[in-house]
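Open your viewer and keep the selection panel handy. We will go from one stop to the next, with something to select at each.

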Amino acid sequence: MPWMSPLARIRDALAGQRARDKDLRNLVSNLPYEGLDKWKQPNRHFRNNGIKTTKYSVLFFIPMNLFEQFHRLANLYFVGLAILNFVPVVQAFEPEVALIPICVILALTAIKDAWEDFRRYKSDKKLNRLPCFVYSSKEKCFVEKRWKDVRVGDFVKVESNDIVPADLLLLYTSDPNGVCHIETANLDGETNLKQRRAVPGVCITVSNTDILLIIHAVIRTGCLGFSHPDLVLKQHLVYLKGHETKAMLNNNGPRYKRSRLERRLNIDVIFCILLLFTMCIIGSLGHYLWLESMPSVPLYLVPQTDGHLDTPSLSSFYKFFSMIILLQVLIPISLYVSIELVKIGQIYFITNDLDLYDEETDATIQCKALNITEDLGQIQYIFSDKTGTLTENKMVFRRCSIMGREYPHKENECVRRALKMYIYKIKILMFTKSLPPNQQETEVILDQKLLRQIRGTEKIDAYQDFFLALAICNTVVVSMATAKRLRVSARLTAEFQQTNQSNPLDTLSSLVRRAGSWTRLRAPITSETSANDLTTQGQSVNQTGGQTCSLHVPPQGTAPAVPAGKLCYEAESPDEAALVHTAKAYGFVLMSRTPDSVTVQLPSGAQLRFEVLDTLSFDSNRKRMSVLVRHPISKQCILYTKGADYAIMELLETPYGEKQQKAIASDTQQHLDCYAKEGLRTLCIAKKVLCDGEYESWAVQRQHALAAMDNREQLIMDSAVQIETNLCLLGATGVEDRLQDSVPDTVMTLREAGIQVWVLTGDKPETAVNIGYACRLLEQDDLVINMSCKRNSPCIPRYSEDPRNVDTTPDISLVIDGRTLTMLMSPDLRDRFVDLARHCRSVLCCRVTPLQKSEVVKLIREKLKVMTLAVGDGANDVNMIQAADIGVGISGQEGMQAVMASDFAISRFKHLKKLLLVHGHWCYSRLANMIIYFFYKNAANVNLLFWYQFFCGFTANAMIDHWLMIFFNLLFTSVPPIMFGIMDKDVSAEMLLGLPELYRTGQGKGEYSFFTFWISMLDAFYQSLVAFFIPYFTYRGSDIDIYAFGTPLNTISLFTILLHLSIEIKAWTIVHVFIILGSVTLYFIVTLAYGVRYLNYSGYWTLQAQMVDPMFYLVCLISTVIALLPRYLFHVLKNSITCSPIVEARHLDTLEPSTRDQWIKEWRSFRGRVQDKTSDVSSVSYADPKASLASLSYSSNGYIRSSDSNKTIGAL
Amino acid sequence: MMASGYNAKDEDGHIAVAGLGGGALRSRKPENTAFKQQRLPAWQPVLTAGSVLPAFFIIGLVFIPIGIGLYVTSSNIREFEIDYTGVDVSSPCFNCSQNFNWNSTKPCTCSIPFYLDQSYESNVFMYYGLSNFYQNHRRYVKSRDDSQLNGDPTELTKPSKECEPYAFHEHKPIAPCGAIANSMFNDSLELFYIDPNGTKVPVPLSSTGIAWWTDKHVKFRNPGGNPNLTAAFQGTVKPVNWRRPVYELDSDPENNGFINEDFIVWMRTAALPTFRKLYRVIQKRNGLMPTLPRGNYSLDVHYNYPVRSFEGRKRVILSSISWMGGKNPFLGIAYVSVGSVCFFLGVVLLFIHHKYGNRSSSADMSH
């Protein structure tokens, strides 16, 4: 190694710093320098490609972790107490002993953190070791290297379906046009393919000779963004590695949300602190009075070391602190740790629930937020997205209207339905995902009439245009089936994400799985064989199904030579895919798409290559997209536009034009309305022929817009708007988005559970209302208020009328339009809006923007002080998900963004039902009871010491050895409450699902309230009184010594506390029995061992002596009985006399399962009757509120639908 | 009631799906085990009047006899108590109580006559009782060195810090050190039976067997193997308040030094400010004679221990104890009353069960 002066090294380091900080970055290829010393490498200043997500390093783990932990106020408090122990005047017994609990807790947390960090380290290592190909000038070929060894300035080859190891600059692709497509799901969650072009002007020859090119690529830092692995590419590429380091997803770890319960808990902790201080002040005052009352210095008063006695006031001042140390357990030091453990346990059970597992996607529920499980049991409002959440977001072409004629595709529906059933069955049988995912889109059953139309000669232009528009006007990427996109990395990255969320449950569960595997029973072989039988059956069914389909497919003879079936379409939105597939089914096959051209194969077999002049991509303001192409034959410039109906209808050629056009427009509009009522998503297709001059002038403007530096977006949009005028309507399509499985049932159940369900969607009102009916969000008998206003001004003054009459109507549903919503959200109206919305059974907001969604959630959450849950699947729901108390993401068709922002990620909307009704209820009631019990436990134990102060001159003495006191909390009574918090079950899952009303117990204040807290504290006081004074009166005046007196007290306390828990436990399993008995055994073993082992212990042989004394047992027995009698009686009376739903449900739970199910069924039907009755009554009273509301809604250009009209719509 | 059982539906969580990358990926399907699916067989007791009725009656039926037994046992215990503090001017010990000095060499004695109207048949335990003496004071309790008391020769001359300020006297280690030892009760009590003819017959008092066996034989030990205690305690001084050094507590070598039982008893600090400590045992001599016959007695006190500073009282208690210790009717009364309350509650619950019980069984939730 050549010598380098330290000065030179420093200079070099500084230069490196400058190079990194620069905005413009000069990169030099590594090739000429290969094999040279590190100091001579031009890119040495840049960091290597290894990633490190770990928080700690091995060396500094302890100080860093301690620093982290001391950020928690509670820990600081406890450490402060521990330090107080070492202050001599406080006269703590053994200061070292006082350190044990805080040390144990810090150690536990540290171990947890270390474990998480280690997992992160392992996943980093795995990622860093992934292979990639880097060009080596020595070997003259691409050699395999590990990711972390990739350096800035390397040439990297990425093949199809490879994961991109770093931020790269694309130099060359195998595609002649220099295009590649990447998927960025790991960066932004978008699953569609994105096009990237190679840097123009770079010419590389990939040959066996050396690459002699040195590229001074100029990359603006951040311009490329960072790229995370998982980009899927085509063929061979050569990349120059760009960014110095691969930044991680901007994953800040789990978001810290504090649950409502935790907030209440903190208030109660403050109460405990107040209580502690009161007790300490009493002790301090008592000590003062006690000292004052002495006539002279008694024998037992020990002076200080130097022989003098403190004055009573000083001594009592010191005693205050001694008391704090003595009674510190009143503030539950281990509560926070216990809560965390309990929540981890709860999440473990949630993630392992089979009912929340989806076979199709092989996904279980993911819990990303570890600390808000109990909020799931208190939800009052659910805000749901529609598309992809309530519906499957798998678009199926259903109907179309061309030139004013409707083609209903009736056969489509019935055949598909049958087919789908079979496919579903097969899927279940095979447990597989191997069926092509887009099978449903590809199979469009053709409308015979339309088919004839196309084949016929008349009007061919319009029809051809329509289908050409379907085929061309999109951003669908065509790929061959052989190069089909593979989700190789999905699993890897998912794991990766999970580790980053520091979710320790995976390993936990794998551990348990390993441990539990020996108990697992294999399914009998017979069932496997029968499954095979069914599978083959299913396959044959599938074949026949395929045959039925093929009947409708155009004859193969007309089909071209190119195997069109092998084409694969990757679309940005499912709608587009559905339309392209439809076009393909009618013979207009989209063959390929490059940035400059689109090739379409016509039914005749001829292939047309359209030159793409421009693509005006979709944006939410224009609500349409257009493609400008040059027709290869006529050389005409044609603009195909596709968009929302109102966005297109406004732009049609002047209505004073041809009469025919006008008729077509009105007919199409009629069809569109009809589609919308059916719940179909509608799109209008239009076309415009431009003359060359028109195009030329526009193109210049467009170039200006594209080249503009400021306000570029606006200019581009303006230019698009400019050309999208005077369109000629071709037709409209209706695409169906089916409801997900058991959505209506879930919505119904959630509403029965007292949860208000709101749907916030970007769709049009008609579509949304129909989906609303379909998923039973709206009922036939509901009074639906439809608020939509075209202009802002008139409705504001009129709306101020008091909607008080709303109270009298039971079932009101509100349908609000996005624009109206904007007005209602204005500061002067929002209170009234909230007031109205509160009375509504369900609210549907249509055409809302993502921002509005989150605003609505925030408004309701803040105004009504309710627990809210937002559920959605797409990027447009992210705001809402983050605004709500709980965000639930659905991992569906639209990528991972919602999931990444969410607290819980599920795969189906229906999972919400069990998640809330069962797990939410359980988590809440478990945790609430656990916390209350924890407070009780500590208070009951500590009060014993407090009562003793009255008999030891308030000298802060304890009658129980310090070690045993610490063990009492740390060992003997710590596990049972944790188990109670994880495993208790007040009502079985079947009952909770059968009677959604039970969920209401958790809403509002629920089980953990001010009242319950103080009741249990009072109980703790009472029990400690009993546990102290029964032994006191028994042993009063006898020759009992301190520790012999403390032993029965401690034992009574243990029994009382554990039996108290036994009363609270609602369901006993073998685990409960084992842990409770284990705790008792542990107590006796440890105390006995301690009594023998430590000669220095003044309580030597105490428990042994006590245990041969019958009095000990008699005292323990009666004290425990008296202490628990009130609580026991309270429970008995509560369960016998009052009739809370939970208690009733628990009664039912004890019945035979069959009887119970029968009962639930009967009860549900009975309730149905009652509801019918009430709705009959209410329909009579409709007249009045309707009248009052009429003024309100007419004024806002809206309309009220009577219940009758609803019925007719529903029947359509 | 076992409310739920194992469900054996598709008991398998591992379906190997041929991954597209070539490797077999494991399905993420959770295992269908009773534990993971929270379907462990569970017993779900619902505490209702009907189901807990038997418990209340059983408690009543068990507790009342126990209580009666305890009460009877307690009332059979004979206890006699004499307060010899000498607060009252008429008391024989008044003079002794008035002028007191730890270091006085001249013992003050007083003699208290009393009359036992019932004879004690079996062994009698003689206690001294102190009241208002806070042996459980925090610093007092700590003020001892257990290692020293356990005969550790190195600790003997190095009393622990806890003993301060009773660790050293004139730069010499105190043995036994600490406030507890320093304040040891040092009255000596003698009991005389006064014959009907007027002669004082001393009642033989046994001073051994009053401490716990483990304390005497394990916890407390004299330092070193030296049978000569004077030599063993060489280099130490007696506690300030003591009149004699620790190796002169008793003439019996088995009851001298740290293993002196009076000392051991004192070192077990009392739990409550009013306490008694076993002083002597009066053994039953032969089968026919009562241990303490009916008649006149005299208690001779060498009055050394000051209690006026804390307004304490000194007592002597003669007690014939049983298995339940001293005389204390509290526990018996408690058992009887709790038993009765439970029985009464049982009746009340029976009534409630009849009134509401049918409703819960029909489980009508319609309201």
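The tour below starts with the two chains, moves to the place where they meet, and then visits some single residues.

**Stop 1: the two chains**

Before you select anything, keep in mind that this is a predicted model. Begin by colouring by chain and picking chain A. Its secondary structure comes to 41 helices and 30 strands. Of its 1212 residues, 57% count as buried. Show the surface of chain A and you are looking at about 50600 Å² of exposed area, with carbon and sulfur atoms supplying 60% of it.

Now switch to chain B, which has 367 residues, 53% of them counted as buried. Here you will find 10 helices and 12 strands. The exposed area of chain B is about 16700 Å², and carbon and sulfur atoms supply 58% of that.

How do contacts run along the sequence in chain B? Among contacts between residues at least 6 apart in sequence, 77% join residues at least 24 apart. For chain A, the figure for such contacts is 77% as well.

**Stop 2: two annotated helical spans in chain B**

Select residues 46–72 and 330–352 of chain B, which an unreviewed UniProt entry annotates as "transmembrane region". Take residues 46–72 of chain B to begin with: this span is 89% helix and 0% strand. Its end C-alpha atoms are 39 Å apart. Then go to residues 330–352 of chain B, a span that is 100% helix and 0% strand. There the end C-alpha atoms lie 32 Å apart.

**Stop 3: where the chains meet**

Display both chains and select the residues of each that touch the other. Your selection should hold 107 residues of chain B, in contact with 111 residues of chain A. The size of an interface is often given as the accessible area lost when the parts come together. Between chain B and chain A that buried area is about 10000 Å², and carbon and sulfur atoms give 63% of it.

How many salt bridges are there between chain B and chain A? The count is 2. To see a salt bridge up close, show the side chains of A:D1041 and B:R268, which meet at 3.1 Å, N to O. Polar contacts also cross this interface, with 28 residue pairs found where both residues have pLDDT 80 or more.

Which elements of chain B should you highlight on this side? Try β2 (24–26), α1 (49–76), α3 (138–142), α4 (146–149), α7 (213–219), β10 (275–282) and α10 (330–362), each of which supplies at least two residues of the side that touches chain A. The largest share, 14 residues, comes from α10(B).

**Stop 4: a residue at the interface**

Stay with helix α7 of chain B and select B:T214, which lies in it. Is B:T214 buried or exposed? B:T214 is buried, with a relative accessible area of 7%. Beyond residues up to four places away in sequence, B:T214 touches A:Y1100, A:W1101 and B:K219. For a sense of scale, draw a distance from B:T214 to B:P165: these residues are 49 apart along the chain, and their C-alpha atoms are separated by 29 Å.

**Stop 5: the annotated binding site in chain A**

Next, select A:D385, A:T387, A:D873 and A:D877, which the unreviewed UniProt entry annotates as "binding site". They span 493 residues in sequence, yet no two of their C-alpha atoms are more than 10.5 Å apart, so they gather at one spot.

Zoom in on A:D385, in the loop between β11 (381–384) and β12 (391–402) of chain A. A:D385 is buried, with a relative accessible area of 3%. Leaving aside neighbours within four places in sequence, its contacts include A:L760, A:K853, A:D873 and A:D877. Show side chains here and look for the polar contact of 3.1 Å between A:D385 and A:K853.

Now centre on A:D877, which lies in the loop between β27 (868–872) and α27 (878–883) of chain A. The relative accessible area of A:D877 is 0%, and A:D877 is buried. Outside its close sequence neighbours, within four places, A:D877 is in contact with A:D385, A:K853 and A:G872. Its side chain also reaches the backbone nitrogen of A:D873 at 2.9 Å.

**Stop 6: a buried asparagine**

Finish with A:N938, in helix α29 (residues 911–949) of chain A. A:N938 counts as buried, at 2% relative accessibility. Not counting residues up to four places away in sequence, A:N938 touches A:V329, A:L330, A:P332 and A:N969.

Note on methods: Residues are numbered from 1 along each chain as its sequence is written. Chains are lettered from A and ligands numbered from 1 in the order in which they are written. This is a predicted model: local features need pLDDT of at least 70, side-chain atom pairs count only at pLDDT 80 or more; totals for chains, interfaces and linings use all residues. Side-chain values use heavy atoms; hydrogens and water are left out. UniProt positions are given in the numbering used here, feature names are shortened, and annotations may be inferred rather than shown by experiment. Helices (H or I, at least four residues) and strands (E, at least two) are DSSP runs, numbered from the N terminus. Buried means under 20% relative accessible area, exposed over 50%, partly exposed in between (1.4 Å probe, protein chains only). Contact means heavy atoms within 4.5 Å. A polar contact is a pair of N or O atoms within 3.5 Å; within protein, one must be able to donate a hydrogen and the other to accept it, and residues adjacent in sequence count only if both atoms are side-chain atoms. Accessible areas come from the Shrake-Rupley method with a 1.4 Å probe; for residues, only the protein chains shown count as cover. Buried area is the accessible area (1.4 Å probe) that two parts lose on being put together, summed over both. A salt bridge is a side-chain nitrogen of Lys or Arg within 4 Å of a carboxyl oxygen of Asp or Glu.
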